[in-house]
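Please read these notes with the structure open. They are numbered so that you can reply point by point.

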Amino acid sequence: MAWLGNLGTTSETPSLLESIFKNVTDAILVIDDQSIVADANPAAETITGWSAQELIGKIHFCDICRGMANCIDEASCVDCFEKKLQVPSFEMRVRTKDGREYPVAASSTRLTDRDGNFLVVILRDMSEQQRMEQERFQRMMTNYVIQAQEDERKRVSRDLHDGVGQALYSILVGLKVVNQLDLEESVKNHLIDVQHMTIRALEEVKNMAIELRPSALDDLGFLPAIRSYSKRFAQTFGIETRLETFGSKRRYASVVETALYRICQEAMTNSAKYADADTITIRLEDLGDQVELSVMDDGSGFDTNEIRVQGTGLGLYGMRERAHLLGGTVSIQSSPGEGTRIHVTIPLTEKGEPLHVDPSTYSR
Ligand SMILES: Nc1ncnc2c1ncn2[C@@H]1O[C@H](COP(=O)(O)OP(=O)(O)OP(=O)(O)O)[C@@H](O)[C@H]1O
Ligand SMILES: [Mg+2]
């Protein structure tokens with residue numbers, strides 16, 4: 001309390017000023033005109049890692065300060081606040097005794113008393129806020145990427161259906177009309193072959209459009225969309241699929257239905273790729289204040305503590321991200337030989353909107 005002593009707080013009981021100095025959570029460092037620490041409160045000891053004894057009279061402020069920072073530049077010493085009378089708010093990087101560096105919000109004021117000129121620097125640890133801000137930004141970007149991908153799929157799916165699909169259909173009608181003319185048998189047979197090729201191309205375009213984003217998801221909702229996906233899936237992979245529903249069969253917000261559909265799709269694709277499963281069961285349960293989705297297979301299972309990634313490894317991560325963005329959770333239960341269960345929970349409002357969402361990261 002050396003410096004505060006200069007202010008005349010000499011009584012046995014600490015003055016209000018001393019109590020503030022001792023108890024505030026912001027670090028207060030008093031720097032003399034040689035840039036050496038002249039006083040430090042307990043919060044300054046916590047922030048820097050040095051004790052007051054180690055700091056006072058020994059540590060040069062530049063040993064603690066790693067420069068000023070702004071949103072554009074990395075921390076630097078350009079335009080140092082130390083030369084100024086008062087800098088009400090700036091960001092600084094602090095170096096601790098053990099060599100760690102982290103951001104602090106700072107302010108500085110120059111004071112003069114009978115012993116000379118002092119610079120009072122107040123520091124507030126911002127590492128937690130910065131971590132939270134980075135997390136929030138990352139969530140916002142993830143949401144943006146997911147939405148952009150979904151919008152693009154919707155657009156391409158519609159273009160395929162309305163553009164290429166309609167054009168192929170017109171060709172098919174034209175071929176049929178031409179084939180009704182009085183033509184040689186060999187030409188007629190050739191036209192029939194072309195008609196079949198056109199029908200196959202039309203089917204393929206239709207399947208591609210559905211695979212990208214089924215219009216049933218927007219028009220009819222999650223259940224009809226996943227029902228027809230399961231049928232196609234069973235035919236393609238020869239895996240029996242069961243769909244069980246409990247509770248109301250209401251519609252949910254588009255973001256919720258899309259998330260459920262994509263999570264279900266990824267879980268089923270994983271089962272087909274890695275599990276060697278005979279059966280996949282999809283269970284949708286509406287509990288009023290939340291919707292729960294389980295996708296279970298009876299395949300080989302895997303060790304969830306030691307996942308051996310066989311593809312790009314983004315599927316399970318993507319499931320979690322989609323659920324987290326809507327305030328929900330994903331749990332994965334699996335062990336070798338025991339099959340796999342992916343369980344998703346999304347808390348909902350009465351209207352089927354996600355209940356807990358950060359408005360800054362949730363765009364629709
Ligand atoms: N149902 C399952 N049965 C057995 N193993 C599984 C199952 N689901 C996932 N796995 C294992 O977990 C790993 C990670 O799955 P994840 O979906 O995250 O990534 P991926 O499928 O490898 O790649 P991506 O989904 O990005 O194409 C898989 O590679 C696989 O080894
Ligand atoms: Mg996968």
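1. A term comes first: buried means under 20% relative accessible area, exposed means over 50%, and partly exposed lies in between (1.4 Å probe, protein chains only). N270 has a relative accessible area of 17%, so N270 is buried. E266, at 25%, counts as partly exposed.

2. This is a predicted model: local features need pLDDT of at least 70, side-chain atom pairs count only at pLDDT 80 or more, and totals for chains, interfaces and linings use all residues. Residues are numbered from 1 along each chain as its sequence is written, and side-chain values use heavy atoms, without hydrogens and water.

3. Which residues hold the magnesium ion (ligand 2) as protein donors? They are E266 (OE) and N270 (OD1), 2.0 to 2.2 Å from the ion. Donors are N, O and S atoms within 2.8 Å of the metal (3.2 Å for Na, K and Ca); water is not among the atoms, so sites may look incomplete. Both residues sit in helix 10 (residues 254-275), 4 residues apart, about one turn of the helix. Helices (H or I, at least four residues) and strands (E, at least two) are DSSP runs, numbered from the N terminus.

4. The domain assignment gives domain 1 (2-125), domain 2 (127-213) and domain 3 (218-364). Such bounds come from an automatic or database assignment. The centres of domain 1 and domain 2, taken over C-alpha atoms, are 64 Å apart.

5. Look also at F137, in helix 6 (residues 127-179). At 47% relative accessibility, F137 counts as partly exposed.

Conventions. Chains lettered and ligands numbered in written order.
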